[in-house]
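Here are my notes for you to read beside the sequence and the structure. Please follow each numbered point on the model as you go.

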Amino acid sequence: MSQPLSRTRTRVLLTGAAAAALVTASTPAVAGGPITAPPDKIVIELATVNGSGCREGTAQVAVAPDNTAFTVTYSDYMAQVGPGAPPTAFRRNCQLNLRVHVPSGFTYAIVQADYRGFAFLQPGAWGQERASYYFQGMPQTSQRTHQFTGPLNDNWQTSDKTEYADLVWAPCGEKRNFNINTELRVNAGTSNPQTSTSFMAMDSTDASVSTLYHLAWQVCPGGGPKV
């Protein structure tokens with residue numbers, strides 16, 4: 001079963017029945033040929049979790065049994081402006097610092113990230129979802145931004161896709177933590193925040209609403225040592 005994230009101690013997340021229930025999408029097709037996942041299970045350790053969008057106990061992580069993806073599900077991740085909203089509520093963020101242990105001889109990369117949530121934006125207001133990904137100590141950073149404009153009162157979904165040739169792989173034989181930073185931002189724009197509320201959420205009590213990270217796999221040269 002997936003475990004709540006903690007800011008104070010590392011949690012180990014294994015594959016299991018709960019993970020199977022959360023992860024239903026398959027690995028997307030990418031340029032460069034098929035991707036083969038290692039047969040042995042992977043383990044993800046959460047070294048640190050920080051941010052106003054993922055306070056302790058408000059997020060869960062699960063790994064797909066077939067090693068093709070993992071999910072993050074939030075229960076209190078919402079940015080808003082309007083009457084009664086704190087001045088800092090217009091922006092919410094979450095930083096996940098992950099240690100990914102994979103079977104010997106393989107390395108991985110994030111080939112696609114799918115985000116979903118709900119937005120209520122007044123006419124003239126706008127919202128933004130942003131994410132960045134990088135391996136600790138490596139200069140390559142992938143950052144994507146998606147913007148939404150009001151009026152909007154509906155579910156939203158975005159996908160960050162990377163071509164196979166442009167993937168950033170975990171270095172073989174080295175232990176590098178993987179960082180995922182996400183952010184939601186809402187701006188009142190020409191709407192009146194004194195009288196009207198706008199918000200953008202990436203949370204749900206329904207486990208089917210979660211962020212989904214698709215994994216690409218590659219064999220290390222010469223079979224390689226464990227990553």
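1. Strand β8 (residues 126–135) runs antiparallel to strand β9 (residues 142–149), and eight bridges join them; two strands count as paired if DSSP finds at least two bridges between them. One of the partnerships is that of R130, whose bridge partner in β9 is T145. The hairpin formed by β8 and β9 has six residues between the strands, and in this hairpin G137 takes a positive phi near 80°.

2. This is a predicted model, in which local features need pLDDT of at least 70 and side-chain atom pairs count only at pLDDT 80 or more, while totals for chains, interfaces and linings use all residues. Residues are numbered from 1 along each chain as its sequence is written, and side-chain values use heavy atoms, with hydrogens and water left out.

3. The protein has one helix and 13 strands, where helices (H or I, at least four residues) and strands (E, at least two) are DSSP runs numbered from the N terminus.

4. The largest nonpolar core, meaning a set of buried Ala, Val, Leu, Ile, Met, Phe, Trp, Tyr and Cys residues joined through side-chain atoms within 4.5 Å, has 43 residues, of which F70, Y74, Y108, Y115, I180 and Y213 touch the most other members. Strand β7 (residues 106–121) gives the most to this core, with seven residues. A second, separate core of six residues includes A109, L167, W169 and A216.

5. Buried residues (under 20% relative accessible area, with a 1.4 Å probe and protein chains only) make up 48% of the 227 residues in the protein.

Definitions and conventions:
Buried < 20%, exposed > 50% of the residue type's maximum accessible area, 1.4 Å probe, protein only.
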